[in-house]
Amino acid sequence: MRKPLSALALAVALAIPVLSLSLPAQAASTDPARPNILLIVADDMGQADLGSFGGEIDTPNLDSLAASGVRMSNFQAAPACSPTRAALLTGVDPHLAGLGNMAEELAPNQEGKPGYEGHLNERVVTVASLLRDAGYNTYLAGKWHLGKSEDTGPDDRGFERSFTLLSGGASHWPDMRPAYAPTPDAKAPYAEDGKMLDRLPDNFEYSSQFYADKIIDYIAADKDSGKPFFGMLSFTAPHWPLAAPDEAIAKYRGRYDAGYDALFAQRLQKQKELGLIPADAEGAARPPKGQAWDSLTPEQKKVEARAMEVYAAMIDQMDAHTGRVFDYLKKNGLYDNTIVVFISDNGAEGHDLDETWP
């Protein structure tokens, strides 16, 4: 078996020599020998959702990043959230880190077994801990999904400042409604700097907006510290439930009326033109429960088109708020000495969307 290597570790190894040759030495946060690192993780985003990977959604900020950087067209990830995130932050097989499967979906023969603890175990060290010990400020804003108790959160694994959704998913609004088996009085587990929250801050309007705000706030608070930073911006978009601001959804009104089969063909052709897949590729087979667009009733088509509009708006908003973070770094002279890594944790959602969200 090949030894897993996190995208973050690979990017740092490749980028530091280049930065060291191209930038003059200045203060610590702009010192090419100690570059800032920004890790951005999308949640359940498909490979072809970005414009730079063949998609039709407006993603100018991430497309610009792709155009000026390295696109990984054969990058391998685990098929679920927690295992990918465990491997990403530790650089080891997720079974060694305690997340061979998501805690929510453990099989009977996995329960209680080593490698399936449901949180990062004590046998691994995170890149956040290593960078903190090396003199970096370390921040996390957004999804964690590597442990839900107070002693298994990001503050216990190397992140000095954190605002995080501890579980796998939740409402994108400030109501704290959990994504899994919601009940009228249930609340999703959020924590700030290791302390559990009963309510979200007043300026939490939409998940992607707030997480970008927090990363900017953390970086700004330490701008005079003379230390580089490692920031993990961990979006919960476009993980279900599908939700986005009305004005963002309106931008995509009618764009998907031709249906998902036409969209599939469009994206497939664009990926061939970009050289991301072979010119003779036929694409993936239809999922077992999938239906041809032409077989749907008019009402079903309306529902599916609306779902695609909302999904596109979620990707759009993630890109827009990522752009705000980029703008802050550029205005403060930090962008050129920041290694930026963007990935999706596992690719498009494989469940029937919203089937457990009444």
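The legends below accompany close-up views of a predicted model of one protein chain.

**View 1. Overall make-up of the predicted chain.** The secondary structure of the protein chain comes to nine helices and seven strands. Of the 358 residues in the protein chain, 52% are buried. Among the contacts in the protein chain with a separation of 6 or more, 72% are accounted for by residues 24 or more positions apart.

**View 2. The seven-stranded open sheet and its edges.** The strands of this open sheet follow the order β5-β4-β3-β2-β6-β1-β7, and their pairing is mixed. At the edges stand β5 (195-196) and β7 (338-344), each of which has a single partner strand, so one side of each is left without a neighbour in the sheet.

**View 3. Strand β1 between β6 and β7.** Strand β1 (36-42) is joined to β7 by seven bridges, the two strands running parallel, and it is joined to β6 by five bridges, again with the strands running parallel. Within the pairing with β7, the bridge partner of Ile-37 is Ile-339, while on the side of β6 Leu-38 stands opposite Gly-231. Seven of the seven residues of β1 are buried, so this strand is largely enclosed by the rest of the structure. In a regular strand the side chains alternate between the two faces of the sheet. In β1 both faces are covered, with Asn-36, Leu-38, Ile-40 and Ala-42 buried on one side and Ile-37, Leu-39 and Val-41 buried on the other.

**View 4. Strand β2 and its two parallel pairings.** Strand β2 (residues 137-143) and strand β3 (residues 161-165) run parallel and are joined by five bridges, and in this pairing Lys-143 has Leu-165 of β3 as its bridge partner. The pairing of β2 with β6 is also in the parallel sense and extends over six bridges, with Phe-230 of β6 as the bridge partner of Thr-138. Seven of the seven residues of β2 are buried, so the strand is largely enclosed by the rest of the structure.

**View 5. Helix α9 across the sheet, with Lys-302.** Helix α9 (residues 298-331) lies across β1 (36-42), β6 (229-234) and β7, and it runs at about 175 degrees to β1. One of the residues in helix α9 is Lys-302, which is exposed, having a relative accessible area of 58%, where over 50% counts as exposed. Although Lys-302 and Gly-259 are 43 residues apart in sequence, their C-alpha atoms are 9.4 Å apart in space.

**View 6. The covered helix α3 and the glycine that follows.** Helix α3 (residues 81-90) is mostly covered, since ten of its ten residues are buried. The buried residues of α3 are Cys-81, Ser-82, Pro-83, Thr-84, Arg-85, Ala-86, Ala-87, Leu-88, Leu-89 and Thr-90, a list in which the charged residue Arg-85 stands alongside nonpolar residues such as Leu-88 and Leu-89. After α3 comes Gly-91, whose phi is positive, near 80 degrees.

**View 7. The largest cavity.** A search of the whole structure finds two cavities of 30 Å³ or more, and the largest cavity holds about 60 Å³ of space. Eleven residues line this largest cavity, and those that lie nearest its centre are Ile-219, Asp-222, Lys-223, Lys-227 and Phe-229. By class, the residues of this lining divide into five nonpolar, three polar and three charged.

**View 8. The second largest cavity.** About 50 Å³ of space lies in the second largest cavity. Its lining is formed by Ser-149, Glu-150, Gly-153, Pro-154, Asp-155, Ser-162, Thr-164, Leu-166, Ala-191 and Gly-194. The lining of the second largest cavity has three nonpolar, five polar and two charged residues, and the two charged residues are Glu-150 and Asp-155.

Definitions and conventions. Residues are numbered from 1 along each chain as its sequence is written. This is a predicted model: local features need pLDDT of at least 70, side-chain atom pairs count only at pLDDT 80 or more; totals for chains, interfaces and linings use all residues. Side-chain values use heavy atoms; hydrogens and water are left out. Two strands pair if DSSP finds at least two bridges between them. Helices (H or I, at least four residues) and strands (E, at least two) are DSSP runs, numbered from the N terminus. Contact means heavy atoms within 4.5 Å. Axes are lines fitted to C-alpha atoms, for helices over the stretch in contact, and angles run from 0 to 180 degrees between N-to-C directions. On a 1 Å grid over the protein atoms alone, a cavity is a set of points where a 1.4 Å probe fits but cannot get out, and a pocket is an open set with protein on both sides within 12 Å along at least five of seven lines; lining residues have an atom within 4 Å of a point. Grid points are joined across faces, edges and corners, and a volume is the space filled by probe spheres set on the points. Buried means under 20% relative accessible area, exposed over 50%, partly exposed in between (1.4 Å probe, protein chains only).
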